[in-house]
Amino acid sequence: MNSTFSHIDALEFRLSNERQRLSRAAKAQEITLRTIWCKQIEKEIADEYKRQGIVPSVVSDMSDDDLLSALI
């Protein structure tokens with residue numbers, strides 16, 4: 001596997017895990033901290049794409065339910 005993509009994959013996996021932790025956070029201070037961490041990881045991913053000259057794929061903000069409705 002290309003080391004560029006394995007690094008980006010690792011960052012995206014880290015972001016996914018952090019988003020899960022954020023969704024389970026109960027205290028305001030933890031929510032704030034994890035939100036900041038997620039934004040930092042998102043910036044790191046964007047910077048890595050830019051540094052490597054890679055155009056990231058576009059992800060839709062459409063929910064699963066909306067997507068299913070659109071397909072039916």
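Let's start with one pair of side chains: Arg34 and Glu18 form a salt bridge, and their closest N and O atoms are 2.4 Å apart. Arg34 sits in helix 2 while Glu18 sits in helix 1, so this pair ties together parts that are 16 residues apart in sequence. Keep in mind that you're looking at a predicted model, not an experimental one.

## Around Arg34 and Glu18

Is Arg34 buried or exposed? With a relative accessibility of 16%, Arg34 counts as buried, because the cut-off for that label is under 20%. Glu18 is buried too, with a relative accessible area of 8%. So here we have a charged pair in which Arg34 is buried and Glu18 is buried.

Why can two such side chains team up? Side chains of opposite charge can pair when their charged atoms come close.

Glu18 has another partner as well: the side chains of Arg21 and Glu18 meet in a salt bridge, at 3.2 Å from N to O. This one stays inside helix 1, which covers residues 3–24, and because Arg21 and Glu18 are three residues apart there, about one helical turn separates them. Arg21 is partly exposed, with a relative accessible area of 35%.

Put these together and you get a network: Glu18, Arg21, Glu30 and Arg34 are linked by salt bridges. Now, which residues does Arg34 touch if you leave aside its neighbours within four places in sequence? They are Glu18, Arg21 and Leu22.

## A salt bridge further along helix 2

A search of the whole structure turns up eight salt bridges. One more worth finding on your screen joins Lys43 and Asp47, whose side chains meet at 2.8 Å, N to O. Both residues belong to helix 2, and since they are four residues apart, they're separated by about one helical turn. Lys43 is exposed, with a relative accessible area of 52%, whereas Asp47 counts as partly exposed at 37% relative accessibility.

Here are the three pairs discussed so far, side by side:

| Salt bridge | N to O distance |
|---|---|
| Arg34 and Glu18 | 2.4 Å |
| Arg21 and Glu18 | 3.2 Å |
| Lys43 and Asp47 | 2.8 Å |

## Leu33 and a nonpolar patch

Right beside Arg34 in the numbering comes Leu33, which also lies in helix 2, a helix running over residues 28–52. Which residues make up the nonpolar surface patch? Leu33, Ile36 and Trp37 do, and the patch has an area of about 260 Å². Leu33 has a relative accessibility of 38%, so Leu33 counts as partly exposed.

Try tracing from Leu33 to Leu22 as well. The two are 11 residues apart in sequence, and their C-alpha atoms are 8.8 Å apart in space. Leu22 has come up before, as one of the residues in contact with Arg34.

## The whole chain

Time to zoom out. How many helices and strands does the chain have? There are three helices and zero strands, and from the N terminus on the order is α-α-α.

The chain has a radius of gyration of 15 Å, but a compact globule of 72 residues would have one near 11 Å. Measured out along the principal axes, so to speak, its C-alpha atoms fill a box of roughly 40 × 35 × 20 Å. Of the 72 residues, 17% count as buried. The chain exposes about 5900 Å², and carbon and sulfur atoms supply 56% of that area.

There's also a sequence angle on the contacts. Take those between residues at least 6 apart in sequence: 53% of them join residues at least 24 apart.

## How confident is the prediction?

The mean pLDDT of the chain is 88, and 94% of its residues reach 70 or more. Among the elements, helix 2 has the highest mean pLDDT, 95, while helix 3 (residues 64–71) has the lowest, 82. Where pLDDT is low, the predicted coordinates shouldn't be read in detail. Leu33 and Arg34 both belong to helix 2, the element with that highest mean.

Note on methods: Residues are numbered from 1 along each chain as its sequence is written. This is a predicted model: local features need pLDDT of at least 70, side-chain atom pairs count only at pLDDT 80 or more; totals for chains, interfaces and linings use all residues. Side-chain values use heavy atoms; hydrogens and water are left out. Patches are made of residues with over 30% relative accessible area and no salt bridge: like charges are joined within 9 Å, nonpolar side chains (Val, Leu, Ile, Met, Phe, Trp, Tyr) within 5 Å. Accessible areas come from the Shrake-Rupley method with a 1.4 Å probe; for residues, only the protein chains shown count as cover. A salt bridge is a side-chain nitrogen of Lys or Arg within 4 Å of a carboxyl oxygen of Asp or Glu. Helices (H or I, at least four residues) and strands (E, at least two) are DSSP runs, numbered from the N terminus. Buried means under 20% relative accessible area, exposed over 50%, partly exposed in between (1.4 Å probe, protein chains only). The radius of gyration is taken over C-alpha atoms; the globule rule is 2.2 Å times the number of residues to the power 0.38. Contact means heavy atoms within 4.5 Å. pLDDT is the predictor's confidence in each residue, from 0 to 100.
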